[in-house]
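Please open the model in your viewer and keep the sequence panel beside it, since each stop on this tour begins with a selection.

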Amino acid sequence: MSLHGSSDPALKTQPLWIENMVVAMPTRFHLLDQAKITIADLQDYPIYRWQAEDCPLLDEKLASLMPLDQQNVQRVTSFEMVALWVAAGYGVGVSARSRIEHSHEWGIAMRPLADGPYEIVTYLQRPHAQTDSVFERFERRALEVAKTDTAQRVPR
């Protein structure tokens with residue numbers, strides 16, 4: 001599995017699921033009264049990003065809004081570090097929706113980004129030539145899990 005698609009013709013690459021990036025903020029943050037947040041709303045705050053969640057469109061937009069002399073976007077080594085900084089009130093975070101949904105008990109609230117979609121895609125990759133039944137069973141099961149997971153997160 002990978003967060004990057006492959007252009008290698010020897011690999012079969014298939015998207016498994018797509019996650020929206022959302023804003024994580026402390027539960028007592030003044031922007032919580034807004035239903036959706038724009039990137040421009042965030043430019044006055046430190047923004048924490050987990051380096052593993054690569055979203056080129058989002059990173060490009062953040063870079064275009066931030067002055068070059070300011071280090072507003074902070075790359076951290078784990079989602080837990082994003083959550084720690086946000087819960088402590090040092091700034092906001094941008095991460096995958098599913099991660100932030102599971103961190104509400106840590107004192108973190110979530111708002112969607114209005115000017116997206118900003119998404120990360122998880123891909124399943126395997127060699128084209130590989131016909132091993134183990135790979136085929138894994139691929140079939142991964143696609144079933146992804147389909148079930150996506151069906152459960154459909155907005156109502």
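Strands, as the word is used here, are DSSP runs of E with at least two residues, and they are numbered from the N terminus. Bear in mind throughout that this is a predicted model.

**First stop: Val94**

Select Val94, which lies in strand 4. Val94 counts as buried because its relative accessible area is 0%, where the cut-off for that word is under 20%. Now add Met21 to the selection: the two residues are 73 places apart along the chain, yet their C-alpha atoms are separated by 6.4 Å. If you set aside the neighbours within four places in sequence, Val94 is in contact with Met21, Val22, Leu42, Ile47, Tyr48, Arg49, Glu53, Leu58 and Leu113.

**Second stop: Met21 and the nonpolar cores**

Keep Met21 selected and display what surrounds it. Beyond four places in sequence, the residues that Met21 touches include Arg49, Glu53, Cys55, Leu58, Val94, Leu113 and Tyr118. Met21 also belongs to the largest nonpolar core, a set of 21 residues in which Met21, Met25, Leu42, Leu58 and Leu113 touch the most other members. Strand 1 (11-26), helix 1 and strand 4 (92-96) each supply at least two residues of this core. Apart from this core lies another of 11 residues, among them Val22, Ala24, Val76 and Phe79.

**Third stop: helix 1**

Select helix 1 and look down its axis. Which residues of helix 1 are buried? They are Leu58, Asp59 and Leu62. In this view the buried residues of helix 1 fall within an arc of 95°, so they line one face of the helix. Turn to the face directed away from that buried side, and you will find the exposed residues Pro56, Glu60 and Ser64. The buried residues of helix 1 pack against strand 1, strand 2, strand 3 and strand 4.

**Fourth stop: Arg49, Asp59 and Arg75**

Move next to Arg49, which is found in strand 2 (residues 47-50). Is this arginine, Arg49, buried or exposed? Arg49 is buried, with a relative accessible area of 0%. A polar contact of 2.9 Å joins its side chain to that of Asp59, and residues up to four places away aside, the contacts of Arg49 include Met21, Cys55, Leu62, Val73, Gln74, Val82 and Val94.

From Asp59, follow the side chain onward to Arg75, with which Asp59 forms a salt bridge whose closest N and O atoms are 3.1 Å apart. This pair links distant parts of the chain, since Asp59 sits in helix 1 and Arg75 in strand 3 (residues 73-76), 16 residues apart. Asp59 is buried at a relative accessible area of 17%, whereas Arg75, at 41%, is partly exposed. Show the three side chains together, and you have Arg49, Asp59 and Arg75 linked in a network of salt bridges.

**Fifth stop: two further salt bridges**

The structure has 4 salt bridges in total. Select Arg99 and Glu53 to see one of them, in which the closest N and O atoms are 3.5 Å apart. Arg99 lies in helix 3 (residues 97-101) and Glu53 in the loop between strand 2 and helix 1 (56-65), so the pair ties together parts that are 46 residues apart in sequence. Arg99 counts as partly exposed at 34% relative accessibility, while Glu53, at 3%, counts as buried.

Then go to Arg141 and Glu144, whose side chains meet in a salt bridge of 3.5 Å, N to O. Both residues lie in helix 4 (residues 133-152), 3 residues apart, or about one turn of the helix. Glu144 is partly exposed at 40% relative accessibility.

**Last stop: the aromatic rings**

Finish with the aromatic side chains, of which the structure holds 4 pairs. Select Tyr48 and Trp85, a stacked pair with 5.5 Å from centre to centre and 5° between the planes. Tyr48 lies in strand 2 and Trp85 in helix 2 (residues 79-87), so the pair ties together parts that are 37 residues apart in sequence. Tyr48 counts as buried at 9% relative accessibility, but Trp85, at 30%, counts as partly exposed. Add Tyr90 to the selection to complete the view, for Tyr48, Trp85 and Tyr90 form one aromatic cluster.

Note on methods. Residues numbered from 1 in each chain as written. Predicted model: local features only at pLDDT ≥ 70, side-chain atom pairs only at ≥ 80, totals over all residues. Heavy atoms only, no water. Helix = DSSP H or I, 4+ residues; strand = E, 2+ residues; numbered from the N terminus. Buried < 20%, exposed > 50% of the residue type's maximum accessible area, 1.4 Å probe, protein only. Polar contact = N/O pair within 3.5 Å; in protein donor to acceptor, adjacent residues only side chain to side chain. Contact = heavy atoms within 4.5 Å. Phe/Tyr/Trp six-rings, centres within 6.5 Å; stacked < 30°, edge-to-face > 60°. Core = buried A, V, L, I, M, F, W, Y, C linked by side-chain atoms within 4.5 Å. Arc of directions from axis to C-beta.
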